[in-house]
Amino acid sequence: VIAQVQRHDGDSTRTAVDFGAGKSPIPIGLQTLGFATTVVDPDSEPMLGRRAGNEWDFIDYGGWGIATIKAGMEERLFEPASVGLAVSVSVIEHMPAEIRRAAIAEVARVVAPGGLVIFTLDVLPGGSRQLWNRIVHEIEPFSVHGTADDVIEECAANGLELVFSERCPINESETSVVGLVLRRTAT
Ligand SMILES: C[S@@+](CC[C@H](N)C(=O)[O-])C[C@H]1O[C@@H](n2cnc3c(N)ncnc32)[C@H](O)[C@@H]1O
């Protein structure tokens with residue numbers, strides 16, 4: 001993610017939001033790169049019924065000078081076109097498709113024209129494009145939940161144009177990841 005930011009970012013606002021950061025070094029990395037960074041995460045504990053003890057844990061990044069908002073990314077939290085860089089790593093595939101579409105529309109609303117959006121999506125193993133469809137239980141029928149290509153189309157419909165995509169085979173026998181780098185178009 002950080003390498004893609006360095007490769008594609010031309011943002012002059014130097015403002016970044018990590019949506020669904022959980023427990024991650026990425027917000028700290030963005031802040032270190034000079035972005036005034038905000039984290040948005042609702043805290044997964046009520047959703048999971050327990051503290052996960054892993055990357056799903058809610059962290060307040062205030063100690064690193066990073067504003068931390070406990071909320072869902074589908075909520076209206078920022079002014080239109082006020083964010084230069086939006087990052088969301090392994091988050092939107094863990095939502096029902098209807099909420100995912102609201103989240104994508106909200107990211108598109110707040111990112112300024114020319115701004116960069118990086119989404120990563122966990123997909124089923126074995127070269128599939130099918131989105132991971134489980135938190136504690138299966139979220140919804142697979143036909144409703146959709147694919148990485150559905151997400152790319154939903155992004156395009158909201159003015160987020162795909163500029164780069166990469167598959168990241170962390171472990172082919174478990175989960176694979178599709179990385180998307182998108183640019184907010186001018187209109
Ligand atoms: C698989 S973890 C990923 C955490 C981190 N981004 C990483 O890559 O390690 C999913 C994260 O999404 C967050 N999340 C769940 N629903 C969300 C929502 N509606 N808006 C923003 N974040 C959400 C969870 O709280 C959790 O921190």
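## A glycine after helix H6

Right after helix H6 comes Gly159, with a positive phi near 80°. Helices and strands here are DSSP runs, numbered from the N terminus: helices are H or I with at least four residues, strands are E with at least two. Before going on, note that this is a predicted model: local features need pLDDT of at least 70, side-chain atom pairs count only at pLDDT 80 or more, and totals for chains, interfaces and linings use all residues. Residues are numbered from 1 along each chain as its sequence is written, and side-chain values use heavy atoms, with hydrogens and water left out.

## The two sides of H6

Which residues of H6 are buried? In this helix, residues 148–157, they are Ala148, Val151, Ile152, Glu154 and Cys155. Buried stands for under 20% relative accessible area, exposed for over 50%, and partly exposed for what lies in between (1.4 Å probe, protein chains only). The buried residues span an arc of only 165° around the axis, so they sit on the same side of H6. That arc is taken from the directions from the helix axis to the C-beta atoms.

Turn to the other side of H6 and you find Glu153 and Ala157 exposed. As for the buried residues, their cover includes H4, S5, S6 and S7.

Just ahead of H6, in the loop that follows helix H5 (142–145), is Thr147. Its contacts, leaving aside neighbours within four places in sequence, are Arg129, Gln130 and Leu131; contact means heavy atoms within 4.5 Å. Thr147 and His94 are 53 residues apart along the chain, and 12 Å separates their C-alpha atoms.

## The sheet

Now for the strands: seven of them make an open sheet with mixed pairing, in the order S3-S2-S1-S4-S5-S7-S6. Two strands pair if DSSP finds at least two bridges between them. Strand S3 (67–69) and strand S6 (160–168) are at the edges with a single partner strand each, so one side of each has no neighbour in the sheet. From one strand to the next, the twist averages 15°.

Helix H4 (residues 97–110) packs on this sheet, where it touches strand S1 (15–19), strand S4 (83–89), strand S5 (111–123), S6 and strand S7 (176–184). The direction of H4 makes about 155° with that of S5. Axes are lines fitted to C-alpha atoms, for helices over the stretch in contact, and angles run from 0 to 180 degrees between N-to-C directions.

## Strands S1, S2 and S3

S1 is largely enclosed by the rest of the structure, because four of its five residues are buried. S1 and S2 run parallel, joined by five bridges, and Asp18 stands opposite Val39 in S2. Strand S2 (residues 36–40) also runs parallel to S3, with three bridges between them; here Val40 has Ile69 as its bridge partner.

## A serine in S7

Ser176 belongs to strand S7. Is it buried or exposed? Ser176 is buried, at a relative accessible area of 0%. Its side chain makes a polar contact with the side chain of Arg167 (3.3 Å). A polar contact is a pair of N or O atoms within 3.5 Å; within protein, one must be able to donate a hydrogen and the other to accept it, and residues adjacent in sequence count only if both atoms are side-chain atoms.

## The cysteines

How many disulfides does the whole structure hold? A search finds zero, a disulfide being a pair of cysteine sulfur atoms within 2.5 Å. For Cys155, the nearest cysteine sulfur is that of Cys168, 16 Å away. Cys155 counts as buried at 0% relative accessibility, while Cys168 counts as partly exposed at 28%.
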